[in-house]
Amino acid sequence: MTITDDLVETFLKCPTKCFLRSRGEAGTGNAYAAWVRTKNDVFRIEGTKRLVAEVTPDKCAIGTQPTGSLKPAAWHLGIDLAVQSQELQCFCHAVEQIPSAGRGRTAQFVPIRFQFRNKLNRDDKVLLAFDARVLSEVLSRAVGLGKIVHGENYVTLKVKTSALASDVRKVTDKIGTLLASPSPPDLVLNRHCAECEFQNRCRQKGIEKDDLSLLSGMAEKERTDFNAKGIFTVTQLSYTFRPRRRPQGFRDKRERYHHSLKALAIREKKIHIVGSPEVKIEGTPVYMDVEGLPDRDFYYLIGIRIKAGDSVVQHSFWADSPSDEGSIWWEFLSKLVEVENPVLIHYGSFETVFLKRMRQRYGAPPNGSLAAKALESPINLLSVIFGQIYFPTYSNGLKDIAGWLGFKWSDQDVSGVQSISWRDTWEQTKASLAKEKLITYNLEDCAPLELVTRAVAQAGRQDIRPSSEAPQSLEVVVADNLNSKVSLWPRFRSSIDGFETINKAARWDYQRDTIYIRSDAKLKRAKRKGTNRVKRTIRVSKKTGPNCSPF
Ligand code: SF4
């Protein structure tokens with residue numbers, strides 16, 4: 001099967017996606033992915049126009065297939081070139097031909113790709129290097145340089161594609177193996193899922209399999225290590241949690257994160273806590289959520305929810321363009337100053353970075369003021385939860401936890417990446433509907449933040465009471481009080497006559513084929529002294545035989 005640039009691009013994101021695309025499977029669609037495609041197409045058309053404007057029409061070739069017999073200097077710029085070698089195929093956005101620099105020197109071909117994002121990543125460069133390889137095979141000459149035109153200002157980045165040749169070879173070899181296989185690769189849910197058209201299909205399959213990759217915080221290496229121990233499902237993992245006694249000197253240190261405890265919380269459908277989680281709010285809580293465009297380093301919307309007694313006040317600060325960013329920051333500060341002893345509460349590191357950057361860019365209230373104090377010591381609720389409170393949810397995302405606590409969003413399918421496309425729609429059309437949707441989405445993230453804060457405070461006091469929003473009984477289990485003596489291999493009991501005897505007998509074969517080795521120094525000393533009594537008290541150091549587990 002021919003390996004195309006589209007397959008390379010999807011493989012770099014996820015092998016399963018690459019396999020599904022190669023088999024022509026259609027996903028259920030993804031609004032963000034569709035928006036990215038459109039943005040790239042529009043950017044490519046505009047970028048192409050700019051390149052074409054720089055060459056004379058007779059030196060521009062559109063849609064031709066370059067071959068090895070290509071006459072040097074027949075064209076300077078090729079646009080939309082479908083290039084195919086024996087096994088590889090790519091669609092070059094543009095190819096620049098640099099005429100030979102003198103006798104005996106060949107003309108150089110430089111593939112060009114367009115990418116609408118300002119910030120590029122390694123995948124963009126590998127994709128360009130793939131174009132260079134296909135071109136090189138077709139033209140039978142080295143193609144060692146490529147260009148990526150990207151971002152709002154159509155900046156050109158030169159990439160040494162020869163340096164990425166081995167990466168491209170590895171990727172194409174892997175794709176070749178993948179496409180030759182009759183079945184899809186093992187499913188691994190990953191960060192790209194939120195932007196993928198197969199999201200519903202894969203999530204469903206992951207849940208059916210109870211797959212470990214459902215636990216979003218688990219790194220690939222951790223998952224591979226668990227698999228090597230024979231643990232493939234969340235339920236299997238849940239049985240491996242054992243509370244550990246911590247040395248005296250480490251009692252005050254925070255316990256590391258246990259995936260097994262998260263799995264146990266999911267299996268038991270109960271909140272599990274470790275240590276003494278505490279959220280100290282000494283003042284008026286101000287719940288904050290910020291929307292931004294990371295690709296442009298631009299924050300355009302700040303939402304706050306101020307809770308005073310039984311009343312709630314909400315404010316939104318909207319920036320039409322980057323030049324308004326400073327104004328919304330100061331509007332936000334002026335509201336903060338009005339609050340009596342404000343305590344900022346947010347969820348995750350996005351707002352932590354926002355507060356730091358805004359203070360650097362636009363300044364902060366005078367030192368010593370209550371507002372300055374609130375900015376210096378905001379509460380990141382996620383860091384209180386992490387490693388201390390295990391909600392029975394696959395991730396620690398606000399949406400997952402608040403959803404489990406019973407919070408309902410007006411639009412259940414909206415996500416952070418989708419808000420980026422809404423903002424873009426607003427910038428293109430200035431449609432008030434897009435702006436309203438964003439403001440609602442932003443404020444709706446402040447309300448669940450309050451709900452989760454309440455749950456965290458109650459979990460710390462082990463005093464969770466079902467709220468009107470929570471459908472489940474919010475029972476809290478203290479992980480340290482779990483019985484650590486429960487064996488992974490409890491005694492086998494059966495109501496069927498004879499099964500227990502058969503099970504016992506199974507061990508005879510195992511014992512007959514196993515050699516037990518004791519090589520302890522104590523044993524050596526006992527042997528020297530000529531006594532055998534100590535032998536039974538010494539643990540077996542090694543078991544060997546055909547049925548022994550390697551672990
Ligand atoms: S949804 Fe996730 S796992 Fe499935 S194909 Fe897409 S990226 Fe891969």
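What follows is a set of questions and answers on the cavities, the ligand surroundings and one sheet of this predicted model.

Me: How many cavities of 30 Å³ or more does the structure hold?

Reply: Two volumes are given here for this predicted model: the largest cavity has about 100 Å³ of space, and the second largest cavity has a volume of about 40 Å³. With the cut-off set at 30 Å³ or more, the number of cavities that the structure holds is 2.

Me: Where does the ligand sit?

Reply: Around the ligand stand C14, K17, L187, V188, N190, H192, C193, C196, F198, Q199 and C202. Among the residues that line the largest cavity, those closest to its centre are C14, N190, C193, C196 and C202, and each of these names also appears around the ligand. The ligand itself sits in the largest cavity.

Me: How many residues of the shell around the ligand are charged?

Reply: The shell around the ligand includes C14, L187, N190 and K17, and its residues can be sorted by class. In that division 7 are nonpolar and 3 are polar, while lysine counts as charged, as K17 in the shell illustrates. The number of charged residues in the shell is 1.

Me: Which helix supplies the largest share of the lining of the largest cavity?

Reply: The lining of the largest cavity has 9 nonpolar, 4 polar and 1 charged residues, and at least two of its residues come from each of helix 2 (15-22) and helix 6 (199-209). The largest share amounts to 3 residues, and the element that supplies it is helix 2.

Me: Which residues line the second largest cavity?

Reply: The second largest cavity, with a volume of about 40 Å³, has a lining that divides into 4 nonpolar, 1 polar and 3 charged residues. Arg, Glu and Asp count as charged, and R244, E255 and D480 are found in this lining. Listed in full, the lining residues are F241, P243, R244, E255, H258, V274, A479 and D480.

Me: Which strands are the edge strands of the open sheet of 3 strands?

Reply: The sheet has mixed pairing, and its strands stand in the order 14-8-15. An edge strand pairs on one side only, and this holds for strand 14 (389-390) and strand 15 (476-478). The edge strands are therefore, with two strands counted as paired if DSSP finds at least two bridges between them, strand 14 and strand 15.

Me: Which residue in strand 15 does I273 stand opposite?

Reply: Strand 8 (residues 271-273) runs parallel to strand 15, and 3 bridges join the two. Within this pairing, the residue of strand 15 that stands opposite I273 is V478.

Notes:
Residues are numbered from 1 along each chain as its sequence is written. This is a predicted model: local features need pLDDT of at least 70, side-chain atom pairs count only at pLDDT 80 or more; totals for chains, interfaces and linings use all residues. Side-chain values use heavy atoms; hydrogens and water are left out. A residue is near a molecule or strand if one of its heavy atoms lies within 4 Å of it. On a 1 Å grid over the protein atoms alone, a cavity is a set of points where a 1.4 Å probe fits but cannot get out, and a pocket is an open set with protein on both sides within 12 Å along at least five of seven lines; lining residues have an atom within 4 Å of a point. A molecule sits in a cavity or pocket if more than half of its atoms lie within 2 Å of its grid points. Grid points are joined across faces, edges and corners, and a volume is the space filled by probe spheres set on the points. Helices (H or I, at least four residues) and strands (E, at least two) are DSSP runs, numbered from the N terminus.
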